[in-house]
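Colleague: Could you take me through this model? I have a few short questions about it.

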Amino acid sequence: MVRFENVGLRYGNGPEVLRDVSFHLQPGSFHFLVGPTGAGKSSLLKLLYLSERPSRGMVTLFGQALSKTPRSQLAELRRKIGVVFQDFRLLDHMTVFDNVALPLRIAGTPEKKVQEMVSDLVAWVGLEEKMHALPPTLSGGQKQLVAIARAVITSPKLIVADEPTGNIDREMSYRIMRLFIEMNKLGSTVVVATHDMYLVDRMKRPVMELHEGKLLEASWWLTPGEAQEMPDFA
């Protein structure tokens with residue numbers, strides 16, 4: 001599904017922000033990406049969702065080596081990837097429905113199918129009553145739910161989320177993580193970058209840790225008392 005081999009990334013003539021990063025993500029897996037601010041998490045995510053190309057090394061997505069993929073074919077690869085941005089990136093002049101529907105309409109999906117798919121998904125994330133609301137009227141958690149719905153409406157093979165619980169309360173964080181779990185159960189590979197180690201501990205999914213641009217292995221535990229306070233994740 002995803003393979004990085006000795007990948008390095010630099011912006012312009014600056015120093016490398018990622019150095020010799022190697023990993024392999026199996027189809028249908030779920031991974032957290034952690035590390036301190038400035039470690040390179042956002043840069044690694046940009047490589048995953050094809051916003052950047054590596055300065056060196058090899059990135060392979062869906063069986064295709066990016067170094068051998070012409071730019072004309074990148075759009076097709078991007079359609080297999082759903083991205084959830086930390087700052088939501090919703091279009092404020094469009095309703096919740098139209099924001100979620102945008103990827104389908106860009107892909108030329110018949111409008112009748114758009115209506116059905118978007119209505120079902122917006123209801124699934126719990127925003128049925130906000131279907132025709134504009135983003136400025138929503139809370140931060142609700143905006144994030146809309147962003148997630150937009151990212152998964154096309155049933156992507158890979159879902160990449162950058163700090164999806166960074167600016168919302170704990171209860172909404174649990175709700176959002178359960179949505180990612182459900183998408184993972186449906187077959188999507190999920191990568192979530194986060195600082196929230198409580199969620200990471202409780203969910204017990206594989207963790208990739210970045211430190212100063214290099215990838216380490218990490219394991220995390222909670223004390224028994226802390227673990228009892230966490231909700232159950234399937």
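Colleague: Why is α1 largely enclosed by the rest of the structure?
Modeller: Because 6 of the 8 residues of α1 are buried, where buried means under 20% relative accessible area with a 1.4 Å probe and protein chains only. This is a predicted model, in which local features need pLDDT of at least 70 and side-chain atom pairs count only at pLDDT 80 or more, while totals for chains, interfaces and linings use all residues. Residues are numbered from 1 along each chain as its sequence is written, and side-chain values use heavy atoms, with hydrogens and water left out.

Colleague: Which residues of α1 are buried?
Modeller: They are K41, S43, L44, L45, L47 and L48. The helix, like the others, is a DSSP run (H or I, at least four residues, whereas strands are E, at least two), numbered from the N terminus.

Colleague: And what does α1 lie across?
Modeller: Helix α1, residues 41-48, lies across β1, β2 and β4 (56-61), and runs at about 125 degrees to β1; the axes are lines fitted to C-alpha atoms, for helices over the stretch in contact (heavy atoms within 4.5 Å), with angles from 0 to 180 degrees between N-to-C directions. After α1 comes L50, which has a positive phi near 65 degrees.

Colleague: What is the strand order in that open sheet?
Modeller: The 4 strands are ordered β2-β1-β4-β5 with antiparallel pairing, and two strands count as paired if DSSP finds at least two bridges between them. At the edges are β2 (16-25) and β5 (64-65), each pairing on one side only. Between β1 (residues 2-10) and β2 there are 6 bridges in the antiparallel sense, and L9 has L18 of β2 as its bridge partner.

Colleague: Changing topic, how many residues of β3 are buried?
Modeller: In β3 (residues 30-34), 5 of its 5 residues are buried, with F30, F32 and V34 on one side and H31 and L33 on the other.

Colleague: Which strands does β3 pair with?
Modeller: β3 pairs in the parallel sense with β8 (residues 189-193) over 4 bridges, where F32 has V192 as its partner. β3 also runs parallel to β9 (residues 207-211), joined by 3 bridges, with L33 partnered by M208.

How values were computed
Buried means under 20% relative accessible area, exposed over 50%, partly exposed in between (1.4 Å probe, protein chains only).
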